[in-house]
Number of protein chains: 4
Amino acid sequence: MSVTRMLETYPATINMDRKAIADTVEILLECSQACTACADACLSEQDVADLAKCIRTDLDCADICDTTARVLSRHTGYDANITRAQLQACAQACSACATECERHAGHHEHCRACAEVCRRCAEACRGLLAKMS
Amino acid sequence: MSVTRMLETYPATINMDRKAIADTVEILLECSQACTACADACLSEQDVADLAKCIRTDLDCADICDTTARVLSRHTGYDANITRAQLQACAQACSACATECERHAGHHEHCRACAEVCRRCAEACRGLLAKMS
Amino acid sequence: MSVTRMLETYPATINMDRKAIADTVEILLECSQACTACADACLSEQDVADLAKCIRTDLDCADICDTTARVLSRHTGYDANITRAQLQACAQACSACATECERHAGHHEHCRACAEVCRRCAEACRGLLAKMS
Amino acid sequence: MSVTRMLETYPATINMDRKAIADTVEILLECSQACTACADACLSEQDVADLAKCIRTDLDCADICDTTARVLSRHTGYDANITRAQLQACAQACSACATECERHAGHHEHCRACAEVCRRCAEACRGLLAKMS
């Protein structure tokens with residue numbers, strides 16, 4: 001992934017820990033993709049009716065992770081209040097999605113895999129929030 | 001806009017004020033588009049170097065409004081904590097973008113127009129948050 | 001909607017019919033939202049298992065319409081080849097989504113409503129493509 | 001990245017080469033992020049006025065890559081015509097963005113890095129298209 005290289009070539013000052021930003025952006029991209037894939041895999045399961053809430057939470061989490069990755073990929077005209085609020089929304093969505101996917105992890109490997117990524121992503125968002133305060 | 005018709009044809013219960021949801025989704029779509037267009041218009045201004053923070057805030061606001069509109073367009077498996085956190089991030093981004101665009105409203109009509117939409121969108125998000133509590 | 005106002009305040013030349021662009025952007029935003037809402041409504045139907053392809057096509061169509069609306073909202077550094085290719089992908093997605101939603105229009109009002117918006121959006125994309133050549 | 005694991009846990013048939021899909025999704029995510037970061041880095045350069053077209057093309061490419069990654073992450077209700085058209089739009093955007101970034105690669109390391117990722121992404125999209133026909 002070129003996330004670190006893009007950060008290193010940014011021409012001005014960055015008011016955050018570059019390593020923590022890069023790690024968080026990478027897990028956000030991974031989490032968004034895993035949620036999109038998990039929602040789609042759920043649609044092909046025979047018990048799809050039992051997975052409606054899982055699919056919906058996956059879709060929210062995918063959108064929120066994508067947007068958070070973009071906010072963290074920008075450093076010009078930095079506004080800590082926007083970054084902080086979006087990270088909080090993302091930590092909330094990832095935690096909720098992890099919990100919902102874990103309910104189905106015994107039956108569906110894609111839910112188990114997605115739950116693990118969501119859990120790590122929620123931790124990364126909370127870790128970055130802690131470094132900001 | 002078919003936002004209201006889509007809400008009316010939703011086959012299950014919605015735990016929020018449908019009219020307030022529809023109004024908020026419509027202004028979110030409008031705000032996202034205005035921010036994308038304002039960022040692009042700024043890029044064609046001779047004083048683009050003075051507009052760097054405006055462009056960046058426009059881009060954040062566009063992404064955050066898009067995602068918030070999607071979260072509010074889903075009702076299955078509703079999670080109030082996700083909706084609330086994303087609305088808070090959106091109100092923050094729209095307020096910040098309105099303030100930044102207002103700084104350039106005297107010189108650039110697109111900034112004036114965008115600031116007005118952002119201000120209304122921030123109010124809509126805060127109004128919906130107030131109805132949720 | 002402020003789409004027309006944003007176009008009118010763009011400070012440089014636009015190499016396309018502004019009225020046609022504004023109309024297409026507006027129907028793209030409407031179509032993206034309708035597809036997101038239709039996918040969510042399908043998730044709450046008892047026959048969700050029969051709606052899996054409809055949900056998936058809705059999700060693709062929502063993403064593709066969003067991206068196409070953004071491409072059409074930018075005029076700086078215009079590249080006709082990108083705009084044309086994205087409009088073609090969007091016309092394809094909207095036509096396919098209209099056809100799939102029409103299959104369920106007799107049972108589900110949200111599919112009927114979404115099909116109508118998708119059909120109009122496909123026509124708008126094809127109309128704009130015709131004006132470009 | 002969990003892209004391959006998500007593909008392996010998909011519960012139904014996939015009508016495409018799974019390895020080629022996974023490789024393409026990974027480079028699409030990388031390219032979208034690189035383009036978002038390059039646009040932002042350009043905004044902080046002193047010669048930002050000379051980079052307006054580069055920023056715009058970066059923004060289009062980021063949106064188009066994100067959407068294409070999502071389309072390729074779904075396999076339920078597969079429609080080859082949508083996938084093909086979106087891949088063609090993406091190959092077009094990535095090639096154009098690579099060419100534009102290369103023009104600035106001598107002055108800006110972020111443009112050099114972004115151009116390399118865009119070039120690889122365009123090739124991945126074309127390679128997947130070739131496997132589909």
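This is a short tour of two places where chain A touches its neighbours, chain B and chain D.

Before you click: this is a predicted model, where local features need pLDDT of at least 70, side-chain atom pairs count only at pLDDT 80 or more, and totals for chains, interfaces and linings use all residues. Residues are numbered from 1 along each chain as its sequence is written, chains are lettered from A and ligands numbered from 1 in the order in which they are written, and side-chain values use heavy atoms, with hydrogens and water left out.

**Stop 1: chains A and B**

Select chains A and B. Contact here means heavy atoms within 4.5 Å, and 25 residues from chain B meet 25 residues from chain A. Together they bury about 2,300 Å², with 55% of it on carbon and sulfur atoms. (Buried area is the accessible area, found with a 1.4 Å probe, that two parts lose on being put together, summed over both.) Now pick out Arg56(B), Arg74(B) and Ile82(B): they supply 28% of the area chain B buries against chain A, more than any other three residues.

Next, show Arg70(A) and Asp63(B). Their side chains form a salt bridge, 3.2 Å from N to O. That term means a side-chain nitrogen of Lys or Arg within 4 Å of a carboxyl oxygen of Asp or Glu. There are six salt bridges across this interface.

Colour α3 (52-72) and α4 (80-103) of chain B; these are the elements giving two or more residues to the side that touches chain A. Helices are DSSP runs (H or I, at least four residues), and strands are too (E, at least two), numbered from the N terminus. α3(B) gives the most, with 11 residues.

**Stop 2: chains A and D**

Hide chain B and bring up chain D. Here 38 residues from chain D touch 38 residues from chain A. The area buried between chain D and chain A is about 3,300 Å², and carbon and sulfur atoms give 56% of it. Select Met6(D), Gln33(D) and Arg70(D), which lose the most area to chain A in chain D, together 20% of what that side buries.

Go back to Arg70(A) and add Asp63(D): this pair forms a salt bridge, with the closest N and O atoms 2.8 Å apart. The count between chain D and chain A is six salt bridges.

Finally, colour α1 (3-8), α2 (18-43), α3 (52-72) and α5 (109-132) of chain D, each of which supplies at least two residues to the side touching chain A. The largest share, 12 residues, comes from α2(D).
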